Amino acid sequence: MFTPFVLLTLALAVAAVDRTTEAQEAAILDPNQECTAYYYAPTSTKISSFPPIWKPATIVTGDTVAQDKWNSIAGSCVTPKLAGLPADIATVPEPMTLGYGFDDGPNCSHNAFYDYLTEKDQRATMFYIGSNVMDWPLEAQRAVADGHQICVHTWSHRYMTALSSDEVFAELYYTIQAIKLATNVTPSCWRPPFGDVDDRVRAIANGLGLRTIIWQYDSNDWKVGLNGVTQDTVNQNYQNLVNAANSGTFASQGAIMLTHELNNYTMQTAMDWYDRLNVAFDHIVPIAVALNDTHPYAETNYTMPSFNDYTDVWLKRITIGSKTAASASGTSAGQHSGAGSLLKPRWSWIGMAGIFVATFAFA
């Protein structure tokens with residue numbers, strides 16, 4: 001719980017800008033201002049209902065809802081090769097398609113990166129750490145507002161197989177609750193930190209309604225400076241993915257690559273390589289779209305486009321751009337000029353119920 005002194009300090013620190021809405025937070029361009037701590041009542045007033053930030057999660061004393069949920073699934077995580085466990089997702093079924101995603105967010109300084117994705121009309125899957133969501137709830141809201149998919153990336157980013165079963169549960173459960181509290185959506189997917197997962201952990205995740213998503217290709221962007229990994233190493237890893245796409249490796253099914261929202265370097269590297277990936281792959285889409293999962297959250301009033309709907313948007317963009325470029329005459333009032341025109345989703349916050357909905361309109 002924040003003390004009066006801390007609240008006063010936070011108030012003075014952010015006096016120059018309103019830090020109470022996602023849109024106002026997204027408009028901040030100074031990374032130092034972005035990463036100045038702020039008080040956001042919906043999450044800050046509930047902080048005592050969660051484990052300590054960045055500590056390995058355990059079930060909070062007195063949290064009977066969490067304890068009851070754990071009791072309901074505890075027996076499912078003791079049988080090896082438990083029947084019915086969904087397979088991990090490491091590729092996507094759509095050919096020449098990149099399931100695009102980033103781990104370790106929300107990063108407090110991600111506005112420039114998210115602005116870039118918006119400018120490219122690109123959506124992605126964001127694997128969020130619960131502690132980061134509680135620290136930066138408005139940044140988490142931006143992902144939903146921009147049309148990205150959110151998945152769980154645990155509470156404190158630990159090796160999951162090294163934790164006790166109730167700790168595994170808490171790492172996932174409280175991240176789900178944090179995302180729901182901050183964004184009003186309940187994820188149905190997660191990614192284990194370091195890819196560290198076994199059937200015991202899978203069973204607990206499955207009991208919480210989470211599909212396990214891993215990867216086939218690794219950028220190693222988070223490792224720069226460790227164990228001899230350099231920026232050249234990361235660039236070569238990106239190039240290897242491009243080469244694989246160009247050689248027909250993904251002619252029958254697409255790929256997932258591990259990349260991160262971890263820091264300014266990893267985000268800038270993603271931007272540096274985006275255009276080359278976009279040339280190499282026919283489609284770059286959120287993982288839910290690549291899986292044709294149009295309901296990626298527990299909330300039934302939230303939908304994402306199917307793969308065909310999403311990619312039809314891009315085909316319309318190409319058609320519109322080509323016709324505009326080829327046309328020597330002016331456009332009518334009902335037409336849009338410029339190759340950048342695109343039929344794209346507009347995401348809106350609707351009423352007291354706090355529902356995000358998507359409609360498609362020319363932009």
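## Helices α11 and α12 side by side

In this predicted model, a good place to start is the pair formed by helix α11 (residues 231-246) and helix α12 (residues 264-280). Their axes come within 10 Å and cross at roughly 20 degrees. Because angles under 35 degrees count as roughly parallel, α11 is roughly parallel to α12. As for handedness, α11 passes α12 in a right-handed crossing.

Which residues make the contact? On the α11 side they are Q231, V234, N235, Y238, Q239, L241, V242, A245 and N246. On the α12 side they are Y265, T269, A270, W273, R276, L277 and A280. Sorted by character, the residues of this contact divide into 10 nonpolar, five polar and one charged.

If you are tracing these helices by eye, one general point may help: an α-helix has 3.6 residues a turn, so residues three or four places apart point the same way.

## Helix α6 and its neighbours

Now turn to helix α6, which covers residues 111-119. Here N111, F113, Y114, Y116 and L117 are buried.

What do these buried residues pack against? Their partners include the helices α2 (22-26), α3 (31-34) and α8 (137-145). The strands β2 (97-105) and β3 (125-128) are also among them, and so is α12, the helix we met above as the partner of α11.

## On either side of α6

The loop between β2 and α6 is where you will find P106. A cis peptide bond joins G105 and P106, with omega at about -5 degrees.

Just after α6 comes another backbone detail to look for: D121 takes a positive phi of about 55 degrees.

## Two loop residues with positive phi

Further along the chain, F194 sits in the loop between β5 (189-190) and α10 (199-207). F194 is not a glycine, yet its phi is positive, at about 65 degrees. Is the F194 side buried, exposed or something in between, and what is its relative accessible area? F194 is partly exposed, with a relative accessible area of 33%.

N292 is another such residue: it is not a glycine either, and it has a positive phi of about 55 degrees. You can find N292 in the loop between α13 (287-290) and α14 (307-326). With a relative accessible area of 38%, N292 is partly exposed.

Terms used:
Residues are numbered from 1 along each chain as its sequence is written. This is a predicted model: local features need pLDDT of at least 70, side-chain atom pairs count only at pLDDT 80 or more; totals for chains, interfaces and linings use all residues. Side-chain values use heavy atoms; hydrogens and water are left out. Axes are lines fitted to C-alpha atoms, for helices over the stretch in contact, and angles run from 0 to 180 degrees between N-to-C directions. Helices (H or I, at least four residues) and strands (E, at least two) are DSSP runs, numbered from the N terminus. Angles under 35 degrees count as roughly parallel, over 145 as roughly antiparallel, 65 to 115 as roughly perpendicular and the rest as oblique. A crossing is left-handed if the near helix is turned anticlockwise from the far one by less than a right angle, and right-handed if clockwise. Contact means heavy atoms within 4.5 Å. Ala, Val, Leu, Ile, Met, Phe, Trp, Tyr, Cys and Pro count as nonpolar, Asp, Glu, Lys and Arg as charged, and the others, Gly among them, as polar. Buried means under 20% relative accessible area, exposed over 50%, partly exposed in between (1.4 Å probe, protein chains only).
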